[in-house]
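Trainee: I'm new to this one and would like a close look at a single part of it. Could you walk me through it slowly once it's on the screen?

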Amino acid sequence: MWLAVLGGIILVLYGVVATLQPANFGRVYAAYGGIFIAMAIIWGWQVDKVTPDRFDIIGGLICLVGMAMIMYWPRN
């Protein structure tokens with residue numbers, strides 16, 4: 001039971017931390033999404049022992065490039 005409560009608290013903090021960032025919330029949320037996808041692929045590979053195929057890697061890289069563009073592309 002305590003593990004479920006701890007997980008719930010961490011999940012709430014995960015959502016709240018994004019709102020405290022000085023950057024635009026949508027951009028910060030995109031960054032969380034890109035990192036989440038990459039970490040999910042790594043988790044599956046390292047913990048679940050499911051080797052990512054080339055489409056997993058390519059898709060993860062596309063997400064990270066898109067996230068970097070959303071966060072860091074120069075704007076007026």
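Which helices do the buried residues of H2 pack against?

Mentor: Happy to take H2 apart with you; just keep in mind that this is a predicted model. The buried residues of H2 pack against helix H1, residues 2-19, and helix H3, residues 54-72.

Let's set the scene before zooming in. The protein has three helices and zero strands, so read from the N terminus its elements simply go α-α-α. The C-alpha trace spans about 50 × 35 × 10 Å along its principal axes. Its radius of gyration is 15 Å, while a compact globule of 76 residues would have one near 11 Å. Buried residues account for 12% of the 76 residues. As for contacts with a separation of 6 or more, 48% of them join residues 24 or more positions apart. The accessible surface adds up to about 6,200 Å², and carbon and sulfur atoms hold 76% of that.

Now for H2 itself. This helix covers residues 25-46, which makes 22 residues. From its first C-alpha to its last it reaches 31 Å, close to the 32 Å you'd expect at 1.5 Å a residue. Just ahead of that stretch, look for Asn24, which caps the N-terminal end of H2. A side-chain oxygen of Asn24 lies 2.8 Å from the backbone nitrogen of Gly26.

Next, trace the buried positions along H2: Val28, Ala31, Gly34, Ala38 and Gly44. A bit of helix geometry helps with reading such a list. An α-helix has 3.6 residues a turn, so residues three or four places apart point the same way. And, to tie this back to your question, the partners for the buried residues of H2 are H1 and H3.

Follow the chain onward and you get to the loop between H2 and H3, where Lys49 sits. Lys49 has a positive phi of about 60°, and it is not a glycine. Most residues other than glycine have a negative phi. Lys49 counts as exposed because its relative accessibility is 64%, and the cut-off for that word is over 50%.

One last stop lies in the segment after H3, where you'll find Trp73. Trp73 is exposed too, since its relative accessible area is 56%. To relate this residue to the middle of our tour, pick Gly33: it is 40 residues from Trp73 along the chain, and their C-alpha atoms are separated by 17 Å.

Technical notes. Residues numbered from 1 in each chain as written. Predicted model: local features only at pLDDT ≥ 70, side-chain atom pairs only at ≥ 80, totals over all residues. Heavy atoms only, no water. Helix = DSSP H or I, 4+ residues; strand = E, 2+ residues; numbered from the N terminus. Rg over C-alpha atoms; globule rule 2.2 N^0.38 Å. Buried < 20%, exposed > 50% of the residue type's maximum accessible area, 1.4 Å probe, protein only. Contact = heavy atoms within 4.5 Å. Areas by Shrake-Rupley, 256 points an atom, 1.4 Å probe, with all protein chains shown as cover. Expected span 1.5 Å × (residues − 1). Polar contact = N/O pair within 3.5 Å; in protein donor to acceptor, adjacent residues only side chain to side chain.
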